[in-house]
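Please open the model in a viewer and keep a selection panel at hand. The tour below proceeds from one selection to the next.

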Amino acid sequence: MSIITPKKTNDIAKSIFWLIGIITIVILIIIIGYIVVKGLPVISLEFLLSSPKESGAAGGIFPMIISTIYVTFFAVLIATPLGVGSAIYLTEYAGDNIVVRIIKFASEALASLPSIIFGLFGLAFFVVFLNLGWCVLSASLTLALMAMPTIMRTAENSINAVPQSYKEGSYGMGASKWQTIINVTLPAALPGIVTGIILGMARAIEETAAIMYTVGASIAAPITIFDPARPLPLHLYILATEGISIDNAFGTALVLIVIILIITISTNVIVERYQKKMMGE
C-alpha cells in the first residue's frame, strides 16, 4: 500500500497548476490566432485610415479608432481621480467603521454588476435625465462608473501594501500626513495603482453593452465630447450581428486587440522604468 507523502502531494498540485496554466495559454493562443488569421488579410492602410462606406461593408475604421480613444481617455480621466481619491480616504483617513464597510461593499457590488445594467443606467440618467443625449460624454461617464471600482480596490490594496516604516520615516522627518501621502505613499504604490488603471481602461475599451445605449452610432469621427460616436466594440458588434461584413468584423477585432496590447505593454514598460528609477538602478 503506497503512502502519498507531502512531497508527492506538492508535486501533484504543482503539475495540476502547470496544466491549468498551459491550457489557459493554449486557449488564448487559439482565440487570438484565429482572429489574426481571419483579420490580417483585411488590415491595410486604407482600412485603418479611411471612413466606413455602405454602413461598414466597405471602407475603413478610422473614425471608430478615434472614437475608441476619445471615449476611453475621458472615462479614465474621470474614473482615476475618483477611484484613487476614494482609496486614499479609505486607507489613510476613514479608519474601520460601519460607513467604510458599506462603502467597500457598495464598491464590490458595483464591480460585479453586468455591463448592460450600466448601459441602461447611463441611458436613463445621463442621456435622458441630464439631457446630455447620445454622445461621447454620456458614454465616458458610464464607463467611468464601471472602471472606478476596479481602480479604487486596486489602489486601496497597493496603498495598504506600502510598508509602515516608509510612513514612519516620513513622519520622523517632520512631514505632515498629506505630505507623506503625496511624497511617500503614492509613489511607492504607483505601480499597483497603474495596474488598476490599466485594468479599468481595458474594461472600458472593450465594452459594448455599456456604451451601445449612450454613445449613439455615428460613423463620423467625434469632434467634441457632445458628439455621437461609434467605438470599435460597438462597430464590431454591429458588423457581426447585422451580417454587414464578417471580414471587416474580424479586422476590427484584430485592431481592437492590438490597441489593448499596445496600451498594456507601453504602460508596463513605463512602470518598470519608474520602479528602476525609484530603486536607483
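Helices (H or I, at least four residues) and strands (E, at least two) are DSSP runs, numbered from the N terminus. Residues are numbered from 1 along each chain as its sequence is written. This is a predicted model, in which local features need pLDDT of at least 70 and side-chain atom pairs count only at pLDDT 80 or more, while totals for chains, interfaces and linings use all residues; side-chain values use heavy atoms, without hydrogens and water.

Begin by colouring by pLDDT, the predictor's confidence in each residue, from 0 to 100. The chain average is 84, and 96% of the residues score at least 70. Among the elements, helix H5 (residues 115-129) has the highest mean, 90, and helix H7 (residues 164-172) the lowest, 79.

Next, select Ala79, Ile88, Ile151, Ile159, Leu186, Ile193 and Ile197: within the 22 residues of the largest nonpolar core, they touch the most other members. Such a core is a set of buried (under 20% relative accessible area) Ala, Val, Leu, Ile, Met, Phe, Trp, Tyr and Cys residues joined through side-chain atoms within 4.5 Å. Helices H3 (62-93), H6 (136-160) and H8 (177-206) each supply at least two of its residues, and H6 provides the largest share, 7 residues.

Centre on isoleucine 88. Leaving aside neighbours within four places in sequence, isoleucine 88 is in contact (heavy atoms within 4.5 Å) with Tyr93, Ile159, Ile181 and Leu186.

Finally, select tryptophan 178, which lies in helix H8. Tryptophan 178 is partly exposed (between 20% and 50%), with a relative accessible area of 49%.

Methods
Buried < 20%, exposed > 50% of the residue type's maximum accessible area, 1.4 Å probe, protein only.
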